Amino acid sequence: MTTSSEKLLNIENLVLHFKTSYGTVQAVDGVDFELGTNRAVVVLGESGCGKTSLSKALLRLLPRNVDKYSGKVYLQGQDVMALDDEEYRQNVRWVGISLVPQAAMNALNPVLKVGDQVAEPAMIHLGLTKAEAYGLVYKMFQHVGVPADFVARYPFELSGGMRQRVALAMALVTSPSLIVLDEPTSALDLLTQANIMNVLKRIKHELGTSYILITHDIATSSELADEVAIMYAGQIVETGDAKDFFPAPLHPYSQMLMASVPRLRSESDPIFITGQPPSLMNPPSGCRFAARCPFRFEKCSEEPPVFQKGKRRVKCWLHQ
Amino acid sequence: MNTDMITELRKVNNMAVEFNEPRETLLSIRDLHVWYELRRFGFGHAGYVKAVDNVSFEMAEGETVAVVGESGCGKSSLMKTILGLNIPTSGEVVFKGKNLAKLNTKGLRDYRFEIGYVQQDPYGALPPFMTVQQILEEPLIIKGVRDKEERLEKIRKAMDEVKLYPADDFLPKFPHMLSGGQQQRVVIARAMILSPKLIVADEPVSMLDASVRVEILKLMKALQEKYHLSVIYITHDLSTVKYFSARIFVMYAGNLIEKADTRQLLENPLHPYTTALLAATSDPDARNADSFKEVPPGEPPSLANPPKGCRFHPRCAKAIAGLCDEKEPVDFEPIPEHFVACWLYQPK
C-alpha cells in the first residue's frame, strides 16, 4: 500500500507490552526496521532484551497477558496488523512468514513421524492432500539435507542436527517469503552448527527466502547476515549493512558487544560490559544504555532519536 | 575516539595471558577406560558403550588444561571419573600419588574436598529451595567446620573472591533471584570454598550471554592465578580456550586424539578433526556470509559400536585405505610436545 514493492517487510513502531502483577513489561518498544527480498537480517542482543518477543509479535503468537500490541507491519506491501486473527492465520502465518522456534529440535511432536509433521502445514495452509504434501516434504528434505527415508522416522530416532533440519523443512514447506529463525543453532555442536549455517545459506540462494535470524551468538550470526540490527532493552539501537557493521559498529553498546566476542583468529583481549541491562518493567527515561555507557553525557538523559548515517541508522546522541 | 575508549577498557580489565610454570604432577590418568554396560531386558549382556577409551595424560600443579570435543565424545564421562563419580572399567586416576580406586570411603571424601566442580547450567546446579548462604555453608558443614562465625567468614571471603558484593545482600537470596552471571559466581564460590587444588569446570560459560561470558572467564582465570589452581576446562568453544588454558586436549569418540600447547595447537593443528573444528569456528566477519564452510560429512559414531581402526576415518578426507580403517592409531609426536593419534603423522 504505502511502502515500495521491493521491500519485503517493513516494521514501523512495533510495540508489544505485557501485563504482569508487578507492572507492565515493555518487551518490544517502538521497533522499526525494513528488510528486502532475499536478504537476511540478524537481530542481536543479550538475553532478556526482547528478541524473542519481537519474533512473537511478528508472528502474532501472543500470550494472554498482552497489554499493548500496536504498530504497522507491512509484508509485501500489505499491512498485516490490520488483519483480524483468522485472516492473519489463513493468509500470513506459514504462508507469508514462518517460524523456526528456539530449541526447534525439541519442539517436534515425539509421537508423530517427522514426515507427517512436515506435511501438516502444507495440508492445512496450502490445502493439499497428504500425497501431494508428501511430494513437497521429499523436496524440502532434499533442500535441508535429510535423507528421504527419514520421513517414516520418529524424532527420537534422529540426532539433534537432523531434528533441526526437519524443523527447518517444516518452516519451508509452505514456501514462505520470510522465515524467522529464533536461535537456530544455539543448542548444537560446532560442526553441526556450521552444517546448518551452510544449509541456510544454500536455501537462501536456491529458494530466494529472506531470514530474520534472532540470536546472541555474534560470531555465528555473521555467517548469514546481510544486515544487522542490534537490540537493547526492547529497542533497536542500531541497524546497518553487515559489511559496514562488523568492522566498525556505531552505537557504544554495539561496539562493546563486538569487543566482548572471543576471537579465534585475533590476539585482541575481549572486554566485558559492566552492569546489567535495565529492567523492562520500568526502563530508565532517556537512553536505556546510558547507565552502562562509557561515553554518556548530559544529553543522554533525553531519549535519543534515530539518526541516519548514510545507509545506517543509530539511536545514540553521539551520532547527532 | 571510540576505539581509544575500547583500548582503555581493555587496559582496565586486561589480564595478560601468561601461564605459570608447571610444577609437580598433580593428576595423572593412565590408560583410562570407562565403559558402560548395555543390557538386554535388564540382565542379558549386550555390549558396552565405550565412553572413554584408552585415555592417558598428566597434569601439573597449577596447570590449566582444556578438553575440547563435541557432545557425546566422552568429555563428561572423563570428567565424572576424575571427580570420583564414575568407577573406571580399567586404568588409573592418580591424584597426588594416590590411586583413586584404592581409596576407602574416608579417603574418597578427603579427595573430594580437594576438587571443585563448576557445572554447566548454574540454575540447574543450585538447589532452588536453598539460599546463597545455605548453599555455600553446606560444604563447610560437611567438612566439619563447627563454628558458625568461622563458616560465615569463609563464605564472605569466597563471595568477595567472586565479586558478589555486598555479600549481605546476596546471602538471603534464592537462586532464582539472581541473574545468570551471578548464579554462576555462586557456583564458582561453592567450588572454591574448601580451597581445592583442582577445579573441573564443565562448559562454565556456555549458558551465559556473550558480555557476561568473558567476565566469568576472566574471574576464573584470576582465581586460578591467585591460588595456583589446576583447572580442567571442558568446552566445545575453541575461541575461548586461548584465554584460559595452557594446553588443549582434543577428544573424539572416546579417544584423546591430539594433545598440545594451546598456541601451538591453534596455529598448527595436525589431526584432520581438529582442523575441521577450527575451520568451523567463526569469527564475526561479514565476509563469512559469502562462502560455505567445509564440514566433514556424517556424524560422530555411536560409542557402542565405534568404527574399526581410527574412529574418525569414515568422515576423514585424508583416510588411508587399508590402514586407517584397520588399525587404531597410536600417539605420534611429529613436533616436540605435540601428540597426535593419526596415521598421517607416522614417522617414515
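Q: In β7(B), which residue is the bridge partner of B:V118?
A: This is a predicted model in which local features need pLDDT of at least 70, side-chain atom pairs count only at pLDDT 80 or more, and totals for chains, interfaces and linings use all residues. Residues are numbered from 1 along each chain as its sequence is written, while chains are lettered from A and ligands numbered from 1 in the order in which they are written. Strands β6 (residues 115-118) and β7 (residues 198-202) of chain B, being DSSP runs of E with at least two residues, numbered from the N terminus, pair in the parallel sense over four bridges, where pairing requires at least two DSSP bridges. Within β7(B), the partner of B:V118 is B:A201.

Q: Which residues of β6(B) are buried on the side opposite B:I115 and B:Y117?
A: A residue is buried if 20 or more other C-beta atoms, placed from the backbone, lie within 10 Å of its own. Both faces of β6(B) are covered, with B:I115 and B:Y117 on one side and, on the other, B:G116 and B:V118.

Q: Which helix gives the most residues to the largest nonpolar core?
A: Such a core joins buried Ala, Val, Leu, Ile, Met, Phe, Trp, Tyr and Cys residues through C-beta atoms within 7 Å. The largest has 189 residues, and A:V43, A:A169, A:I212, A:I230 and B:A189 have the most contacts inside it. Its greatest contribution, eight residues, comes from residues 160-172 of chain A, helix α5, where helices are DSSP runs of H or I with at least four residues.

Q: How many residues of chain A are in contact with chain B?
A: Contact means that C-beta atoms, placed from the backbone, lie within 7 Å. By this criterion, chain B contributes 39 residues and chain A contributes 42.

Technical notes: Buried ≥ 20, exposed ≤ 12 C-beta atoms within 10 Å, placed from the backbone. Contact = placed C-beta atoms within 7 Å.
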